[in-house]
Amino acid sequence: MAESLRARIGALPFEVRQYMLITGNYWAFTITDGALRMLVVMYFHQLGYSPLQIAMLFLFYEAFGVVTNLVGGWLGAWLGLNRTMNVGLGLQIVALAMLMVPAGMLTVVWVMAAQALSGIAKDLNKMSAKSAVKVLVPADSANANSALYRWVAMLTGSKNALKGLGFFVGGVLLTLIGFRGAVVAMALMLGAVLGLSLWRLKADLGKQKVKPKFSEIFSKSRAINVLSAARFCLFASRDVWFVVALPVFLYDQHGWSHWTVGGLLAAWIIGYGGVQTQAPRLTALFRGDARMLTAGWAAALAVLAILLALLPLAQVGWLVVGLLAFGVLFAVNSSWHSYLIVHYARADGVSMDVGFYYMANAMGRLVGTLLSGWLYMAYGLSACLWVAAALVAASALMALALPRQVA
């Protein structure tokens with residue numbers, strides 16, 4: 001049976017086999033990324049850290065992601081996306097190793113440094129995977145745009161489903177084998193994935209023929225700049241309630257256990273990822289140019305966020321249902337954005353355009369994470385949801401400045 005499976009995989013086109021390898025690489029990394037985030041939030045809250053202090057643990061994770069996306073896109077164009085992807089895996093292993101120290105050595109500064117490496121690793125891996133899709137999809141095919149959208153949606157959606165699984169894995173591992181045992185297990189898994197990637201991933205994937213100047217890391221495309229600004233607001237709107245406020249609220253105010261909180265966040269992201277894979281079908285239901293589609297989907301999400309902010313938080317069942325609905329609309333917005341950036345990006349130098357865009361994505365996560373801790377501690381979960389609504393509305397308004405074209 002194993003021989004038959006290898007034969008079938010070997011018979012696939014080269015581009016498809018490389019896409020499968022990149023996706024598998026991205027999947028493995030994503031599980032550890034989601035699990036590590038849940039481990040840090042729940043473990044350090046258990047130690048008595050305040051919501052704002054927990055948010056600060058992710059400060060370098062998000063801040064270094066901003067820098068990494070800018071510089072990483074340039075490095076991908078210089079060195080090849082295979083190398084930047086493998087460097088990302090290696091750095092995540094180092095970050096996990098830093099957290100294997102005895103509990104007494106897990107100071108705020110030490111954990112922030114480990115999270116900084118993890119943030120660099122994650123954004124190198126993501127930028128490489130998203131950029132590689134543009135390189136692998138044949139640009140001269142009859143349905144190049146629809147194929148590109150499907151490949152991006154599948155990569156992004158499957159990744160987010162597995163990130164959700166990572167949240168659940170993190171909660172379960174923390175309960176079963178503790179913080180240190182969990183990071184050891186994840187480091188061993190990533191070591192095996194890195195070995196396979198070094199062996200099989202094509203050299204020089206996405207490497208530019210003409211070496212770009214470092215000054216070219218900032219996009220000169222109006223469409224990419226506008227989309228990046230909209231992306232910033234979109235992801236800040238999610239993380240302002242999702243990263244710190246919601247898990248701490250459920251744990252403190254409603255007495256949920258670690259694994260129950262992890263299970264809900266896992267279900268949210270798994271469902272969100274599943275919807276992302278179907279986004280091409282959902283967006284196809286509404287005809288129009290890219291500008292109006294982008295603004296329309298964001299406006300629908302803004303209306304839902306306002307309704308959530310008006311809900312009585314004591315009714316946790318309705319809150320959970322509302323947040324699941326938020327996940328559906330957010331998934332469509334995110335997947336459509338992910339397609340647009342790859343569509344707008346240059347064929348030669350795609351990693352630089354994608355890197356700039358995901359720099360804005362990382363900045364949105366950074367701002368959202370810090371606001372999540374501060375707003376929740378000062379004003380509660382309702383304030384986080386009101387700010388989320390305002391940010392999504394801003395994203396919808398920004399989308400109106402996109403070019404008029406069908407993408």
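Arg37, Tyr61, Glu62, Lys122, Lys163, Phe167, Arg238, Asp239, Phe242, Val243, Ile269 and Arg365 line the second largest cavity. The model is predicted. The volume of this cavity is about 80 Å³. A search of the whole structure turns up 5 cavities of 30 Å³ or more.

**The cavity lining**

Three elements each give two or more residues to the lining of the second largest cavity: helix 4 (59–79), helix 7 (144–176) and helix 9 (222–242). Helix 9 supplies the largest share, 3 residues. By residue class, the lining divides into 5 nonpolar, no polar and 7 charged. Among the charged names are Lys122, Lys163 and Arg365. Among the nonpolar names are Phe167, Val243 and Ile269.

**The salt bridge**

Side chains of opposite charge can pair when their charged atoms come close. The structure holds 1 salt bridge. Which residue pairs with Asp239? The partner is Arg238, and the closest N and O atoms are 2.8 Å apart. Both Asp239 and Arg238 are buried. Both residues also belong to the lining of the second largest cavity.

**Helix 10**

Helix 10 covers residues 245–253. Its buried residues are Ala245, Leu246, Pro247, Val248, Phe249 and Leu250. Just after helix 10 comes Gly255, with a positive phi of about 70 degrees.

**The nonpolar surface patch**

Val303, Ile306, Leu307, Leu310 and Trp386 make a nonpolar surface patch of about 490 Å². Helix 13 (residues 290–310) gives the most to this patch, with 4 residues. An α-helix has 3.6 residues a turn, so residues three or four places apart point the same way. Trp386 sits in helix 16 (residues 381–399). Why can Trp386 count toward a patch? Trp386 has a relative accessible area of 40%, and patch residues need over 30%, so Trp386 passes that cut-off. At 40%, Trp386 is classed as partly exposed.

**Contacts between separate parts of the chain**

Three C-alpha pairs link positions apart in sequence. The table gives their separations.

| C-alpha pair | Residues apart along the chain | C-alpha separation |
|---|---|---|
| Met189 and Phe29 | 160 residues | 9.3 Å |
| Gln92 and Leu190 | 98 residues | 8.1 Å |
| Val342 and Asp353 | 11 residues | 8.3 Å |

Met189 is found in helix 8 (residues 178–200). Is Met189 buried, partly exposed or exposed? Met189 is partly exposed, because its relative accessible area is 34%, which falls between the 20% and 50% limits.

Gln92 lies in helix 5 (residues 81–98). Its relative accessible area is 0%, so Gln92 is buried. The C-alpha atom of Gln92 is 8.1 Å from that of Leu190.

Val342 belongs to helix 14 (residues 316–344). Its relative accessible area is 1%. Buried means under 20%, so Val342 counts as buried. Its C-alpha atom is 8.3 Å from that of Asp353.

**In brief**

The second largest cavity has a lining with 7 charged residues. Arg238 and Asp239 form a salt bridge, and both are buried. On the surface, a nonpolar patch of about 490 Å² includes Trp386, and helix 13 is the element that gives the most to that patch.

Technical notes:
Residues numbered from 1 in each chain as written. Heavy atoms only, no water. 1 Å grid on protein atoms, 1.4 Å probe; cavity = no way out; pocket = protein on both sides within 12 Å on 5 of 7 lines; lining within 4 Å. Points joined across faces, edges and corners; volume = space filled by probe spheres on them. Nonpolar A, V, L, I, M, F, W, Y, C, P; charged D, E, K, R; others polar. Patch = residues over 30% accessible without salt bridge, like charges linked within 9 Å, V, L, I, M, F, W, Y side chains within 5 Å. Areas by Shrake-Rupley, 256 points an atom, 1.4 Å probe, with all protein chains shown as cover. Salt bridge = Lys/Arg side-chain N within 4 Å of Asp/Glu carboxyl O. Buried < 20%, exposed > 50% of the residue type's maximum accessible area, 1.4 Å probe, protein only.
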